Amino acid sequence: MKRQLILEDGSFFVGEAFGSLKDTTGEVVFNTGMTGYQEILTDPSYCGQIVTMTYPLIGNYGINRDDFEAIRPYVHGFIVKEACVKPSNWRGEMTLDDYLKEKDIPGLAGIDTRKLTRLIRQYGTLKGMICGLDVHPAEAAAHLRAMEWPRDQVRRVSTKSAYPSPGRGERVVLIDFGMKHGILRELNKRHCDVIVLPYNATVEEVLSWHPDGVMLSNGPGDPKDVPEAIDMIRGILGKVPLFGICLGHQLFALACGANTEKLKFGHRGSNHPVKDLRTGKVAITAQNHGYAVTHESLAGTRLEVTHVALNDGTVEGLRHLDFPAFTVQYHPEASPGPEDANPLFDEFLALIREFNKKGEVIHA
């Protein structure tokens, strides 16, 4: 069945429908990963977005039971050049088409994804609609231009109540702004006793668990839409070691007096080079974000840049000069992606142990 993608600038692409046949709207973004579509589909950071894969063949190894990053997907749509209808992999249990049907997510295949990607790179991310051919592009474009961007994505994807992931090691309170399960897996692998809390947890709620460390997860949207988290971070800073990833990195920067800005088309993929300014080493990283910390806003703060993106020079890592706290913009849990940055979890645990050795840990 033929369906179409209409963008807010009036351009449109006609392709073959797969997955759900419902109409959907969202921010159209692109991801440059060659593999990892299952993790991408289930990454809560894509809440409200229509994801375009730049690699031409998607779905060739099917969907398996192991690679989910959340209980359910939050993407609003999925666009590929070619959707594989007969996957071949020993772990595959269903096709991409079947999975999208089951989760009621519209897909579109057979369009010129290269042209779409170039449009996004030229004009920035655009609002789009996947719909039937009976919808007139000009009318849909006018509707999209008038549509407000959602501001509540973190509330939608965060856990509604606290829950444990038990271990015998250090206790880590993990704030769920849209947490990928890969983060939890890495902490569990290191025997951490993890308590997952909602995005709006207060300082008192966080410290009442007597954490050895606090982790700020990834998540969707604009960090300035989560003011309660910024207040919480200010309240715990210096009282317990802190490690932030992606949205957690941006929220940490805002809490320390820096600023963030929306990127033209964001960083989404599994092949982004990042330089560690402390060692000079370059890691290939997985990324998924549309906002970044601005360099100029760091002047006058007690934050030091530790990592930069080699593609565009944006801030990719920070550390606090006075307190045991550091953050990165990319995804060291690598789900999906390279594992170059995975030792950052070990660095976090080393920071916790050093902090506790000094007897500085403060509880509520």
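A pocket, in the sense used here, is an open set of grid points with protein on both sides within 12 Å along at least five of seven lines. In this predicted model, about 420 Å³ of space lies in the largest pocket. The lining of this pocket comprises 30 residues, and those closest to its centre are Glu27, Gln49, Trp149, Gln153 and Gly221. Two or more lining residues are given by each of the elements β3, α5 (153–157), α9, β15 and β16, and the element that gives the most is β16, with four residues.

Enclosed space was examined as well, and the structure holds two cavities of 30 Å³ or more. The largest cavity has a volume of about 80 Å³ and is lined by 13 residues, of which Asn31, Lys180, Gln287, Asn288 and Pro336 lie nearest its centre. Here the elements that give two or more residues to the lining are β15 (260–276) and β16 (282–293), and the largest share, three residues, comes from β16. Strand β16 thus appears in both descriptions, as the element that gives the most to the lining of the largest pocket and as the source of the largest share of the lining of the largest cavity.

The strands that contribute to these linings belong to sheets, which are described next. Strands of a sheet pair through backbone hydrogen bonds, either parallel or antiparallel. Seven strands form a closed barrel, which runs β1-β2-β8-β6-β4-β3-β9 with mixed pairing, and neighbouring strands of this sheet are turned by 35° against each other on average, direction ignored. Within the barrel order, β4 (residues 49–53) and β6 (residues 77–80) run parallel and are joined by three bridges, with Ile50 standing opposite Gly77 in β6. Helix α4 (residues 137–146) packs on the sheet, where it touches β1, β2, β3 and β9 (126–132), and its direction makes about 45° with that of β1. Another helix, α3 (residues 113–123), lies across β1 (2–7), β2 (12–19), β3 (24–31), β4 and β6, and runs at about 90° to β3.

A further sheet is open and is formed by ten strands in the order β10-β12-β11-β13-β14-β19-β18-β17-β15-β16, again with mixed pairing. Its edges are occupied by β10 (163–165) and β16, each of which has a single partner strand, so that one side of each is left without a neighbour in the sheet. From one strand to the next, the twist averages 25°. Strands β17 (residues 303–309) and β18 (residues 315–320) run antiparallel and are joined by five bridges, and His307 stands opposite Gly317 in β18. Helix α10 (residues 344–357) lies across β11, β13, β14 and β19 (325–328), running at about 170° to β19.

Helix α8 (residues 227–236) has as its buried residues Ala229, Ile230, Met232, Ile233 and Ile236. These residues cover an arc of only 160° around the axis, which puts them on the same side of α8. They pack against the strands β11 (171–176), β13 (213–216) and β14 (242–245), and also against the helices α7 (203–207) and α9 (247–255). After α8 comes Gly238, whose phi is positive, near 95°.

Terms used
Residues numbered from 1 in each chain as written. Predicted model: local features only at pLDDT ≥ 70, side-chain atom pairs only at ≥ 80, totals over all residues. Heavy atoms only, no water. Pairing = 2+ DSSP bridges. Axes fitted to C-alpha atoms, helices over the stretch in contact; angles between N-to-C directions. Contact = heavy atoms within 4.5 Å. Buried < 20%, exposed > 50% of the residue type's maximum accessible area, 1.4 Å probe, protein only. Arc of directions from axis to C-beta. 1 Å grid on protein atoms, 1.4 Å probe; cavity = no way out; pocket = protein on both sides within 12 Å on 5 of 7 lines; lining within 4 Å. Points joined across faces, edges and corners; volume = space filled by probe spheres on them.
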